[in-house]
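Please open the model in your viewer and keep the selection panel at hand. The stops below each begin with something to select and then say what is there.

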Amino acid sequence: PAVRKVQDAADRVEQVDRNTRLALALAAYRQDHRGYPEKLEALAPNYIATVPGDVFSGKPLIYARTETGYKFYSVGANG
């Protein structure tokens with residue numbers, strides 16, 4: 001059980017790191033283009049080497065532009 005808790009914590013830390021790098025890439029893109037991209041794929045390779053996926057689902061992060069910015073998120077450990 002302890003090993004599983006350590007792995008869960010490591011997965012959360014990894015996802016936070018990915019989210020942070022992605023947020024910084026989005027900020028740089030916005031600075032250059034005066035808006036956010038339609039799709040995260042527009043960030044690679046100029047703003048981030050590759051678009052990170054969701055650690056928990058193995059799929060792309062959920063991303064959408066909004067009227068005031070954007071939202072993106074992972075499904076999290078509980079899906």
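## A walk through the model

Select histidine 33 to begin: with a relative accessibility of 44%, this residue counts as partly exposed. Histidine 33 has its place in helix α1, a helix that covers residues 2-33. If you then add proline 60 to the selection and draw a distance between the two C-alpha atoms, you will find histidine 33 and proline 60 separated by 23 Å, although they are 27 residues apart along the chain.

Before going further, please bear in mind that this is a predicted model. Colouring the protein chain by pLDDT shows a mean of 94, with 100% of the residues reaching 70 or more. Confidence in the protein chain is lowest in α1, where the mean is 94, and highest in β1, where it is 97.

**Salt bridges along the helix**

How many salt bridges does a search of the whole structure find? The search finds four, and the next selections visit some of them, among them the pair formed by arginine 4 and aspartate 8.

Select arginine 4 and aspartate 8, whose side chains meet in a salt bridge with an N to O distance of 3.3 Å. These two residues are separated by about one helical turn, because they stand four residues apart in helix α1. Arginine 4 counts as exposed, since its relative accessibility is 52%, whereas aspartate 8, at 24%, counts as partly exposed.

Move on to glutamate 14 and arginine 18, which form a salt bridge whose closest N and O atoms are 2.9 Å apart. Both residues lie in helix α1, again four residues apart, or about one turn of the helix. Arginine 18 is partly exposed, with a relative accessible area of 22%, and glutamate 14 also counts as partly exposed, at 32% relative accessibility.

Now select aspartate 17 together with arginine 21, and display the side chains, which meet in a salt bridge at 3.1 Å, N to O. Aspartate 17 and arginine 21 are four residues apart in helix α1, so about one helical turn separates them. Aspartate 17 is partly exposed, its relative accessible area being 35%, and arginine 21 counts as partly exposed at 37% relative accessibility. As background to these stops, side chains of opposite charge can pair when their charged atoms come close.

**The hairpin**

Leave the helix and select strand β1, residues 62-65, together with β2; the two strands pair in the antiparallel sense over four bridges. Strand β2 itself covers residues 70-73, and the hairpin that joins β1 to β2 does so through four residues. Which residue in β2 is the bridge partner of isoleucine 62? Selecting tyrosine 73 shows that partner.

**A nonpolar surface patch**

Keep isoleucine 62 and tyrosine 73 selected, add valine 75, and switch to a surface display. Ile62, Tyr73 and Val75 form a nonpolar patch on the surface, with about 220 Å² of accessible area together. Two members of this patch, Ile62 and Tyr73, are thus the bridge partners already visited in the hairpin, while valine 75 lies in the segment after β2. Valine 75 counts as partly exposed, because its relative accessibility is 30%, and with this residue the tour comes to its last selection.

Methods
Residues numbered from 1 in each chain as written. Predicted model: local features only at pLDDT ≥ 70, side-chain atom pairs only at ≥ 80, totals over all residues. Heavy atoms only, no water. Patch = residues over 30% accessible without salt bridge, like charges linked within 9 Å, V, L, I, M, F, W, Y side chains within 5 Å. Areas by Shrake-Rupley, 256 points an atom, 1.4 Å probe, with all protein chains shown as cover. Buried < 20%, exposed > 50% of the residue type's maximum accessible area, 1.4 Å probe, protein only. Pairing = 2+ DSSP bridges. pLDDT = per-residue confidence, 0-100.
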